[in-house]
Each structure stands twice: as structure tokens, then as C-alpha cells.
Amino acid sequence: MSDEWKAPSAEKSSDDKSWQLLEKTLLASVQEQRRSRRWGIFFKLLTFIYLFGALVLFTPLMDMEKSATRGSGYTALIEVRGMIADQEAASADNIIGSLRAAFEDTKVKGVVLRINSPGGSPVQAGYVVDEIRRLRKEHPDVKLYAVITDLGASGAYYIASAADQIYADKASLVGSIGVTAAGYGFVGTMEKLGVERRAYTSGEHKSFLDPFQPQKADETKFWQGVLDTTHNQFISVVKQGRGDRLKDKEHPELFSGLIWSGEQALQLGLIDGLGNASSVARDVIGEKELVDFTVQDSAFDRFSKKLGTSVAEELAMRLGFNGPALR
């Protein structure tokens, strides 16, 4: 009887050892997978850092190489593209920074301000005009030429008028010397819907631009006065910049907010000639080589844009920076 009970005990011990061996094997496999995954993440991170570092390192070197191959003189090119507004590519800070760099470069023989913009903030445009005047006075030997491509309207023409000369294509759109402020009125709609507007203000006219309240004659007159004042400032800047070249006495409609083609603008004195950035650099300034002084994105911004959102998301997922996902 004693021997019969010992056999099952030996068999049980053998099973336990088998399970322990299997458990150790599985644990070793899991640990190996973890180590492999960690090393994979490490090498991916290392590759990412290497590529980013190379981009940051070689971009300035490429710029230095380009600078080294430049001749004794060239034409500076500055782009004014899109809406003229704070935090935009065509902000006053960006344009002024480019202008200062161009005027202070001893190899620059002339500056071309290439414009393709519908206008924007009169404040931002005013900052640029003031700086153009200062730089022209400080560097009288360096001429500034505004070249309008598709569109040079409103605040964009405001800036262009401060240049020594303005050029455009025969089909460019030029002008729009005026000021606008638009909105909507929802008073009638609210009445139909039975909605009551409740606005609490301190100051009799604090909410005079509220689209949910009826207009008042005195407030409308006041706001028109603000726009007229800004318009007169615009006209003054244009007259000061263009001088006797402007045919405003024969054509008072120049300041009405209308816009003309480049061919018409030439006859009205809004521009000085037909041409583009290359022809102005070659034929007017005498230095056909164009060097871009436009403020550029940082290396990181350029890298991010080139990488693309989808690629960035894929990279983040591969590196374990994203949460769970069903695939």
C-alpha cells in the first residue's frame, strides 16, 4: 500500500517541474521580446534624432554655400504674399525684418518687394511704410521697387506706394484705395424666432457694433467717421509716395475703392511701368541675380511641414507615443 501511494507523488512532482520549465521558457520569451522592442524603439529614436540633427546642421551650411557663390552684387527679393496681418507670413514684423536685412547688406544693389496680396490691417501696413521711409532715408543709394504680380490691393498698395517705383503686369489688379468694415444684422431674424437679446454694458455705446441690436443713427455716423479718417490717412500716404505721377486731379475716382488692371494703372499713375521681378532686377537695377531675403520658417517648421501630419502620426505610433488603436 505504501508503494502504491508513492507513485502518484512522483508523477505529480514531474508535472510540476514540466510546468515550471514551461513557465520559465515563456517568461524568457516575453523578456526577450521586451528587450527587442526596447532596442527597436531606441534605434528608431536615434535615427529620428540623427535625421533632424542633419537637417538643422546642413540647412545653414547650404545657405552659407549659396552665399559663398554669390557675386559682388545682387538684387534682394522680399515676398509680400497673402493677408497683411499680425501672425501671418506677411506681418509687419516679417516684412520689416526682411527689409532691414536687405538694406544693411553691402552687396545689395537694389530691393524688389514682390507683392501678391489683397491687403489687410492698416496698422500693419502703416508699420511697414514707416520703416520703408526710414530705410530709404538711411540708405539713399539703395532703391526699393514694388512689383505687383496677381494682386496689389488696399493695404498691399498702401505699402507699394512707399517704394521708389512700382511695376506690375498688364493684367495685374492694382488699387482699391479705400477702407471697409462689414458685418451682419440679425435683429429681424431674432424677432421672427422670438429670441430676446440681453446685453449688459458699462458705457452708452459699448455694444454699438453688436449685430443682434438695431443700428442707431448717431453710432452709424460715428463709425463712418472712423472709416473716413482711416481712408484719408491712406490717401495721404499714396499722394506722398506717388507725388505728381498720380493722375488724381483728372481722376478723383482713384480714391473711391475701385481697382484697375496693370495697363490701366499705368495710365492713371498708380504704377511706373510694366514688368516683373526678374525684368526689374535685370533692366532697372542692373543686377539680374535675385537673392531671397524673405523671412523663412525655422528648420523645425520646415521639417514638420515636409514630414507631413500623416507621417508624423505614423512615426509617433511606431515609437509608442500613441494610445491603443484598432487596425
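These are my notebook entries on the cores, one helix pair and some salt bridges of this structure, which is a predicted model.

**Entry 1, the cores.** I began with the nonpolar residues, since in soluble globular proteins nonpolar side chains tend to be buried together. The largest nonpolar core has 50 residues, and I noted Leu99, Val111, Leu113, Tyr157 and Leu270 as those with the most contacts inside it. Helix H2, residues 92-104, gives the most to this core, with six residues. I then looked up what valine 111 touches, leaving aside residues up to four places away in sequence, and found Ala76, Ile78, Ala102, Phe103, Val142, Lys143, Leu144, Tyr145 and Ile285. A second core, separate from the largest one, has eight residues, among them Val112, Tyr145, Val147 and Ala277.

**Entry 2, helices H2 and H3.** Next I asked how the axes of H2 and helix H3 (residues 122-138) cross, and found that they come within 9 Å at an angle of roughly 10°. Because of that angle, H2 counts as roughly parallel to H3. On the H2 side I listed Ala92, Ile95, Ile96, Leu99, Arg100 and Phe103, while H3 brings Gln124, Tyr127, Val128, Glu131, Ile132, Arg134 and Leu135 to the contact. Sorted by class, the contact holds nine nonpolar, one polar and three charged residues.

**Entry 3, salt bridges on these helices.** The structure holds twelve salt bridges, and I followed a few of them. Glutamate 131 and arginine 100 meet through their side chains in a salt bridge of 2.9 Å, N to O. This pair links distant parts of the chain, since glutamate 131 lies in H3 and arginine 100 in H2, 31 residues apart. Are the two partners buried or exposed? Glutamate 131 has 8% relative accessibility and so counts as buried, whereas arginine 100, at 37%, counts as partly exposed. Arginine 134 forms a salt bridge with glutamate 138, with the closest N and O atoms 2.7 Å apart. These two residues are separated by about one helical turn, because they stand four residues apart in H3.

**Entry 4, a bridge elsewhere.** I also looked up arginine 242 and aspartate 272, whose side chains meet in a salt bridge at 2.8 Å, N to O. Arginine 242 belongs to helix H6 (residues 217-242), and aspartate 272 sits in the loop between helix H7 (262-268) and strand E7 (273-274), 30 residues apart from its partner. Arginine 242 is buried, at 2% relative accessible area, but aspartate 272 is partly exposed, at 26%. Going back to the helix pair, I noted that salt bridges sharing partners join Arg100, Glu131, Arg134 and Glu138 into one network.

Terms used: Residues numbered from 1 in each chain as written. Predicted model: local features only at pLDDT ≥ 70, side-chain atom pairs only at ≥ 80, totals over all residues. Heavy atoms only, no water. Core = buried A, V, L, I, M, F, W, Y, C linked by side-chain atoms within 4.5 Å. Buried < 20%, exposed > 50% of the residue type's maximum accessible area, 1.4 Å probe, protein only. Contact = heavy atoms within 4.5 Å. Axes fitted to C-alpha atoms, helices over the stretch in contact; angles between N-to-C directions. Parallel < 35°, antiparallel > 145°, perpendicular 65-115°, else oblique. Nonpolar A, V, L, I, M, F, W, Y, C, P; charged D, E, K, R; others polar. Salt bridge = Lys/Arg side-chain N within 4 Å of Asp/Glu carboxyl O.
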